[in-house]
Amino acid sequence: MNNFEFCNPVKVVFGKGTIARLSALIPSGSKVCLLYGKGSIKKNGIYAQVQEALKDYHVTEFSGIEANPHYETCMQAVEQVRNEKADFLLAVGGGSVMDATKFIAAALYFDGEPWDILDKGATIKRAMPLGVVLTLAATGSETNERAVISHVSEGKKLGFAHPLVFPCFAVLDPEVTYSLPVGQVANGVVDSFVHVIEQYLTYPVNAKVQDAFAESLMRIICEEGRKVLKDPFNYDIRANLMWAATNALNGWIGQGVPQDWSSHRMGYPLTVLFGLAHAETLAVILPGVMQYMQKEKQEKILRLGAVVFGIAEGSTGERVEQTIAAVESFFREMGLKTRLHEYGIQASDLDDLTAPIDQLGWTLSEKGHINTQVAREILSLRL
Ligand code: NZQ
Ligand code: ZN
């Protein structure tokens, strides 16, 4: 196991009716800016619950944060929050609203052009405190210090991470996910599964706790993911999926182990150029990464196959192939497409999709060997 230092300071409040706990979580007297997306929270009753819980606070709001949140929208929020002199940010939504709120929290005090936080890795010295009410189990953003933002006019999607943007608290009420369209539920299952994979499917460093924890999460995500499609209003399924997604990217399973994240990074241009949802990019790319890196990842692929998909028979090569096929087939069972041509993407698009990797100076995977040329080979396996 590699050395590590780890602190996750996010207070989690989990379960039915927990939105009512907001008044115990936000310091009294705070001027709260409530941030949310395109309005689903008004249709499903979450907005009313939040308003009720915040009735003793001075509350302003900023709405309209889009999926794959735009830098331009975030900067409008920065201006509004400054003008209204809010001092606490409350994100109510999925990964997009939470990520946007983290970026806004940092941009509010940033001296200079805030896009530099993403584009140049500029240092954050201060951020406004923020809390989150999660409405979609997927990204893990509720208990981590990461955010991913898109700059529309520059055609870039980039991420940053900083301890100052950890939420102070995360309210996780699984019942609020009942109103999600089935496609969003499936996207959340696939995204959280791939978060575990990115931290697990590398090479062994004898990290027994992390490996066994990751394997449990993947088994649970597969089992409950299959069930939720048939039984969407089952509280226990929703609760287990939500808690699994949070644990998939709250930092625990990634400590002291090599990490990959190439499927995630290679997916950003698919969203920017072709509009695929985040999880849709992963379902297409991950089987290609597994195929291309099967030698480097062999030991872990075999273990994944045995423990998560019950693949125990056959030669090493056969078990590797069966495991890659099982992962792809799980994504298809969840209703996601797994090939580029299914989105109308062709070989002639691959240059545009992979050029950003060299332009940004990225060297991806746990081996750091995926550049534009290698990414092109991987994506060409997925046409
Ligand atoms: O706009 P609203 O009205 O909120 O509707 C949203 C949106 O249309 C809707 N929705 C959310 N909760 C709902 C609901 N509809 C009905 N009922 C509910 N309870 O779902 C749609 C998608 O929401 P979004 O927040 O975009 O989805 P997700 O949670 O998958 O977040 C995706 C974003 O997170 C980033 C992705 O890149 C992407 O930008 N990620 C963030 C990570 C992080 N911070 O750690 C890691 C991830 O790997 C990922 O990159
Ligand atoms: Zn993800």
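What covers the buried residues of helix 10? In this predicted model, the cover includes strand 6 (146-151), strand 7 (156-161), helix 7, helix 11 (278-292), helix 14 (350-359) and helix 15 (372-380). The buried residues themselves are Ser 262, Ser 263, His 264, Met 266, Gly 267, Tyr 268, Pro 269, Leu 270 and Thr 271.

The length of helix 10 can be checked with simple arithmetic. Its 13 residues, at 1.5 Å a residue, should span 18 Å. The C-alpha atoms at its ends are 19 Å apart, so the model agrees with the expected value. After helix 10 comes Gly 275, which has a positive phi, near 75°.

One of the buried residues of helix 10, His 264, leads to the metal site. The zinc ion (ligand 2) has as its protein donors Asp 191 (OD), His 195 (NE2), His 264 (NE2) and His 278 (NE2), at 2.0 to 2.1 Å. Along the chain, these donors follow the spacing D-x3-H-x68-H-x13-H. Distant parts of the chain are linked here: Asp 191 belongs to helix 7 (residues 182-200) and His 264 to helix 10 (residues 262-274), 73 residues apart. Both Asp 191 and His 264 are buried.

Another residue to look at is Thr 177, in the loop between strand 8 (169-172) and helix 7. Is Thr 177 buried or exposed? Its relative accessible area is 3%, so Thr 177 counts as buried, the cut-off being under 20%. Leaving aside residues up to four places away in sequence, Thr 177 touches Thr 135, Leu 136, Ala 137, Arg 238 and Met 242. The side chain of Thr 177 also reaches the backbone oxygen of Pro 174, at 2.7 Å.

Terms used
Residues numbered from 1 in each chain as written. Chains lettered and ligands numbered in written order. Predicted model: local features only at pLDDT ≥ 70, side-chain atom pairs only at ≥ 80, totals over all residues. Heavy atoms only, no water. Donors = N, O, S within 2.8 Å, 3.2 Å for Na, K, Ca; no water. Helix = DSSP H or I, 4+ residues; strand = E, 2+ residues; numbered from the N terminus. Buried < 20%, exposed > 50% of the residue type's maximum accessible area, 1.4 Å probe, protein only. Expected span 1.5 Å × (residues − 1). Contact = heavy atoms within 4.5 Å. Polar contact = N/O pair within 3.5 Å; in protein donor to acceptor, adjacent residues only side chain to side chain.
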